[in-house]
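Reader: I have a two-part request. Show me the model, then let me ask about it piece by piece.

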Amino acid sequence: MRTPSIVVSVVVLVYLTTVAGGAQRRGPEGFVREGIPRMPNPPGPAPTRDLSGVWVGPIDNKPDPVPPMTPAGEALFKERKPYGDASRNAKLGASNDPFITCDPLGFPRSLLAHAVSSRGRFIFGSAPDRLLITYEQQRVWREIWMDGRALPKAVDVRGAPESRYYGHSVGRWENDRTLVIDTTGVDERPWLDEAGRPRSSSARIQERYTRLDQYNLQLTVTIDDPKFYTKPWTWMRANFYWVLGQDFAETFCIPSEGIEYRDSLARPSGIVIP
Amino acid sequence: MPKTCTGIIVGVAVAVFLSALAAAQGNAQSNEARSPWKYYPEDARANVGDGGPAPKRDLTGTWAGESSGAGVARLVPPESPPPLTPLGKKLFDQNRAEGGRGGITIAESNDPHVRYCDPFGFPRNMNDQIRSMTITTLPNRTFVLLKFMNIWREIWTDGRALPTNFARGRDAHDPTYNGYSVGRWEDDYTFVVETTGMAPETWATESGYPHSVDARVTERFQRKSKNDLTLTMTMDDPKLYTKPVSLGVVHFRWIPSQTFFDFSCVPSSVQRYLKEMADPAAKPVVAR
């Protein structure tokens, strides 16, 4: 998704890219999903302790139901005014979704295939003692420390690190095909999802990436956030697929366009973005 | 004892007390246990010297730039005045950079980043707000991950040629904020990157140098030692400049902890600041 103002053009662009480029971009065996070419079948085995490459998803996301919130979580949730699929009533001009002005999506909302682009592509790279993950959406990146350090016990207090939009993360290989990442210390301003659910800076968010084979990467995300939710739950259970060509598009939400659209069109007309 | 003298003594005593307190706090801070999750600019400043020879063909890691607090100075600013063609001058005159032309205010500026936090785009993101960058290398490409705005660039190293036709449409390449980049090792310590196809609505520098979509920017990353990396940038854009223009030379230092803090321009915060403070402050007072 770029901005509300260019949602239509971006969706069309993605559609045209998919359709027009279909002949060149189609994998040897068609598509896994619209816009995602299938790689040769059967896939080869998963390499050992290696996720590097460009992946697209989430595909077939089957999360658990969201558990009841605590009173603190409910109070914050009531202040949120989502739009689009997340709400049948809220109009974009009246929504307070921070992404309308292109504020950072934050983690883990950044993992969702955002309205605009079902192009949740990301790549794994590395630097001393860490893994790096770059995301197509907003061109943001995260670093995952692999040096055995413990996560910070707190953030935003003396001697502790500041909270971050994408949190503080550590990772470890559980076996040759499964990488486990634990994250905490997220900045509380971003929403957990398009519906506006909250997540706290003390939440523990765990990602489990299991590379099933050469082209399939399974991701399960669990959230444990006692400040705002009454019990932990599986927030994402989905597949990510290898990208033919291993390339990215540039997918930015542009604040000047989003703000102009909201103020000059959405608010005056009361428009609802489906 | 005269009051003045008493006052001076009390004043000196207070000053001594405050200095001692400040020193104690400073010591306490420097003696405080270091969190591996925090960036300590004083530690980065204390990392003097070259650290030994540079590894060959390797820029991987996290680097501090001039806005890191690590005492890293810019070596050469962008060339000024820029050698503009008439069209280049017309475009440059339209760009009202904050602080330019005798003091343009933020309310008067039309800098899309200052007013909205729009992405800098390349090459501005390599010569403005240079806080920290991390570099990672894959077999066919190198990524530059910038801490300011948490944004990354991709540089292909698989030998491909740069595209040449930029436009919106199926038979052309979309202009992009970061352009299209290819890189190669000129020698064991010099990585050269060529970039073109940058969206022309972005500025090339903080002062509003324009660029066309066909501009071609050359970056030379030279790793002179383990701790020192310099970046020299030149832009060739014959439509807007009479000759290649230097975008300056910036310096980076290796960060021993390999950690840095986040820093982003947040659009909603800037909108609130402009609405409540900057724009009203700039409006002339109407006589009653």
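The questions below go from the fold of one chain to the core, the interface and some local backbone features.

Reader: Before the details, what kind of model is this, and how much of chain A is buried?
Author: This is a predicted model. Chain A has 274 residues. A residue counts as buried when its relative accessible area is under 20%. By that cut-off, the buried share of chain A is 57%.

Reader: How many helices and strands does chain A have?
Author: Both kinds of element are present in chain A. The count is four helices and 11 strands.

Reader: Among contacts in chain A between residues at least 6 apart in sequence, what share joins residues at least 24 apart?
Author: Take the contacts in chain A between residues at least 6 apart in sequence. Those that join residues at least 24 apart make up 64%.

Reader: Which strand gives the most to the largest nonpolar core?
Author: That core holds 55 residues. The members that touch the most others are A:Leu111, A:Phe124, A:Tyr209, A:Trp235, A:Met236 and A:Tyr241. One strand of chain A, residues 233–242, gives seven residues to this core. It is β11 of chain A.

Reader: A second core is separate from that one; how many residues does it have?
Author: Its members include B:Leu84, B:Leu229, B:Leu247 and B:Trp254. The count for this second core is 31 residues.

Reader: Leaving aside neighbours within four places in sequence, which residue of chain B is in contact with A:Phe124?
Author: A:Phe124 has contacts in chain A, among them A:Leu51, A:Trp55, A:Leu132, A:Ile133 and A:Tyr209. The list also holds a residue from chain B. That residue is B:Leu138.

Reader: Is A:Phe240 buried or exposed?
Author: A:Phe240 sits in strand β11 of chain A. Its relative accessible area is 1%. The cut-off for buried is under 20%. Therefore A:Phe240 is buried.

Reader: How far apart in space are A:Phe240 and A:Gln137?
Author: In sequence, 103 residues separate A:Phe240 and A:Gln137. In space, C-alpha to C-alpha, the distance is 15 Å.

Reader: What area is buried between chain A and chain B?
Author: The size of an interface is often given as the accessible area lost when the parts come together. Here, 48 residues of chain A are in contact with 44 residues of chain B. Carbon and sulfur atoms give 58% of the buried area. The total is about 3700 Å².

Reader: What share of the area buried on the chain A side comes from the three residues that lose the most?
Author: The three are A:Arg139, A:Trp141 and A:Arg164. Together they account for 19% of what that side buries.

Reader: Which residues form the salt bridge between chain A and chain B?
Author: The count between the two chains is one salt bridge. Its N to O distance is 3.7 Å. The cut-off is 4 Å. The partners are B:Asp262 and A:Arg164.

Reader: And how many residue pairs are in polar contact across the interface?
Author: Both residues of a pair must be at pLDDT 80 or more. With that condition, the count across chain A and chain B is 15 residue pairs.

Reader: Which element gives the largest share of the side of chain A that touches chain B?
Author: Elements that each supply at least two residues include α1 (7–20), β6 (141–145) and α4 (255–269) of chain A. The residues of this side divide into 27 nonpolar, 10 polar and 11 charged. The largest share is five residues, and it comes from β4(A).

Reader: Which backbone oxygen does the side chain of B:Arg253 reach?
Author: B:Arg253 lies in strand β9 of chain B, residues 245–254. At 16% relative accessibility, B:Arg253 counts as buried. Its contacts include B:Asn47, B:Thr62, B:Trp63 and B:Asp228. At 2.9 Å, the side chain reaches the backbone oxygen of B:Gly49.

Reader: Where in chain A is A:Pro108 found?
Author: A cis peptide bond joins A:Phe107 and A:Pro108, with omega about 5 degrees. A:Pro108 is in the loop between α3 (71–79) and β4 of chain A.

Reader: B:Asn150 has a positive phi; is it buried or exposed?
Author: Phi of B:Asn150 is about 60 degrees, although B:Asn150 is not a glycine. The residue lies in the loop between β3 (141–146) and β4 (151–156) of chain B. Its relative accessible area is 6%, so B:Asn150 is buried.

Key: Residues are numbered from 1 along each chain as its sequence is written. Chains are lettered from A and ligands numbered from 1 in the order in which they are written. This is a predicted model: local features need pLDDT of at least 70, side-chain atom pairs count only at pLDDT 80 or more; totals for chains, interfaces and linings use all residues. Side-chain values use heavy atoms; hydrogens and water are left out. A nonpolar core is a set of buried Ala, Val, Leu, Ile, Met, Phe, Trp, Tyr and Cys residues joined through side-chain atoms within 4.5 Å. Buried means under 20% relative accessible area, exposed over 50%, partly exposed in between (1.4 Å probe, protein chains only). Contact means heavy atoms within 4.5 Å. Buried area is the accessible area (1.4 Å probe) that two parts lose on being put together, summed over both. A salt bridge is a side-chain nitrogen of Lys or Arg within 4 Å of a carboxyl oxygen of Asp or Glu. A polar contact is a pair of N or O atoms within 3.5 Å; within protein, one must be able to donate a hydrogen and the other to accept it, and residues adjacent in sequence count only if both atoms are side-chain atoms. Ala, Val, Leu, Ile, Met, Phe, Trp, Tyr, Cys and Pro count as nonpolar, Asp, Glu, Lys and Arg as charged, and the others, Gly among them, as polar.
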